[in-house]
Structures are given as C-alpha cells and as structure tokens.
Amino acid sequence: MSPRELPLLFVRHAEAEDTHVLGDAARSLTPEGRALFRQHARKLARLTPLRGIITSPLVRAVQTAELLAEALGLSRVEVHPALIPRRSGARRILKLARELGTGFALVGHNPSLEQALALALGDDTQAPEKLRKGTAVALRHTGDDGDFQLVWWASPGRVLRRYDGDR
C-alpha cells in the first residue's frame, strides 16, 4: 500500500476514569477501557498500516495511542500540543492533519476532535454524529487543496461502518 493510499485516522481516547486526584490531565484509562481498546486496536491494525501516531499529552490519550502503536508494531508515539482539548482546538487539529498528510493517527478528545472532523468533511453528512470513546475515523485526501473524504469508522465492540459516497 503506497503512502498516498493510507488513511488519516482521527481517534478519540478510550474509556477513562471520571476523576483523578491530580486533575483532568492525569485521568487514566479504566481497566475495561484499556482491554476493550486493545482488542479494537488489533482490529484497526488489520484494517490499515500507519506510519505514525500523534497524541494529546493528556494521560488517557497517550495510553490510547500507546495501545494503538503496540497493535500496529510502531515503536514511537509523538505528543503534540495541537491535540490538547481547548478552544480553537478543532482548527489546530485540522491544520496538523493537513501538515502531516495521510498515514498518521491523531489521538485526541471531544469536542475538539468531532469539530475537526466536521471541518475536514465540510458538508458531508455521512460522518458519525458522535465519536464514542475509542472510535477511529479514517479519512483520505481528495486533492491538493487539503480537503478530506470519509472512508470508514469503527468503534470498540461495534461493526465497522464503510462510507458510501453515493448515498
């Protein structure tokens, strides 16, 4: 598979603790979230290879990214501040996605990730309305203008949904 055929994945972190004594940034994946996403990551690895994984620095996102890297046989996960959940996060995520191109997974948080997906797809109404925890959405470039098209999405414990652009 050539690098141009690889998708760009938007991945929401897996199920995490509700609270942590050190604050929101320190919230870890729950044991159930870790187990479910590990299984899901193996499924994602069978769907597509990737060249790299970029993640938010928040613990739950880093742990999700590490599980995905393990399943893909990648040795490194890179932390990037564009994936920190905050105002204007969606535009920062989309800018990073356009800079990276395909073959990468961006692991982050809602609502920034959902908003970035909506910006990337424009008027496409076939995208999932809500990114459940652990959901991966595969996009491909539609041309040199940096626009994206939905390819598929998959959530832990659910059936893979392929996009049919003719619907």
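## A walk outward from L8

Setting aside residues up to four places away in sequence, L8 touches A97, G101, T102, G103, F104, L106, V137, A138, L139 and F148. That is a good place to start in this predicted model, and the neighbours of L8 lead us straight to the nonpolar interior. The largest nonpolar core has 24 residues, and L8, F10, L106, L139 and F148 are the members that touch the most others. At least two residues of this core come from each of β1, α3 (89-100), β4, α4 (112-121), β5 and β6 (148-154). Apart from this core lies another one, made of 22 residues that include A14, A65, L68 and A105.

Let us stay with β1 for a moment, the strand that spans residues 8-12. Five of its five residues are buried, leaving the strand mostly covered. In a regular strand, side chains alternate between the two faces of the sheet. Here L8, F10 and R12 point one way while L9 and V11 point the other way, and all of them are buried. What lies beside this strand? β1 runs antiparallel to β5 (residues 136-141), joined to that strand by four bridges, and V11 has A136 as its bridge partner in β5. β1 also pairs with β4 (residues 104-108), this time in the parallel sense, again over four bridges. There, R12 stands opposite G108 of β4.

Moving on along the chain, we come to R27, in the loop between β1 and α1 (31-47). Is this arginine buried or exposed? Its relative accessibility is 13%, under the 20% limit for a buried residue, so R27 counts as buried. A look at its surroundings is helpful here. Leaving out residues up to four places away in sequence, R27 is in contact with A16, E17, D18, T19, H20, V59 and R60. Among these, E17 offers a polar contact: its backbone oxygen lies 2.5 Å from a polar atom of the R27 side chain.

Two of those contacts of R27, V59 and R60, bring us to helix α2, which covers residues 59-72. With 14 residues at 1.5 Å a residue, α2 should span 20 Å, and its end C-alpha atoms are indeed 20 Å apart, so the expected and modelled spans agree. Because 10 of its 14 residues are buried, α2 is largely enclosed by the rest of the structure. The buried residues are R60, A61, V62, Q63, T64, A65, L67, L68, A69 and L72, and what covers them includes β1, α1, β2 (52-55), β3 and β4. A65 and L68 are also among the members of the 22-residue core we met earlier.

Finally, some backbone details deserve a look. Most residues other than glycine have a negative phi, and most peptide bonds are trans. Just after α2 comes G73, with a positive phi near 75 degrees. S88 also has a positive phi, of about 65 degrees, although it is not a glycine. S88 lies in the loop between β3 (78-79) and α3, and with a relative accessible area of 44% it is partly exposed. Farther along, the peptide bond from N110 to P111 is cis, with omega near 5 degrees. P111 sits in the loop between β4 and α4, and both of these elements contribute to the largest nonpolar core, which brings us back to the core of L8.

Definitions and conventions
Residues are numbered from 1 along each chain as its sequence is written. This is a predicted model: local features need pLDDT of at least 70, side-chain atom pairs count only at pLDDT 80 or more; totals for chains, interfaces and linings use all residues. Side-chain values use heavy atoms; hydrogens and water are left out. Buried means under 20% relative accessible area, exposed over 50%, partly exposed in between (1.4 Å probe, protein chains only). A polar contact is a pair of N or O atoms within 3.5 Å; within protein, one must be able to donate a hydrogen and the other to accept it, and residues adjacent in sequence count only if both atoms are side-chain atoms. Contact means heavy atoms within 4.5 Å. Two strands pair if DSSP finds at least two bridges between them. A nonpolar core is a set of buried Ala, Val, Leu, Ile, Met, Phe, Trp, Tyr and Cys residues joined through side-chain atoms within 4.5 Å. The expected span of a helix is 1.5 Å times one less than its number of residues.
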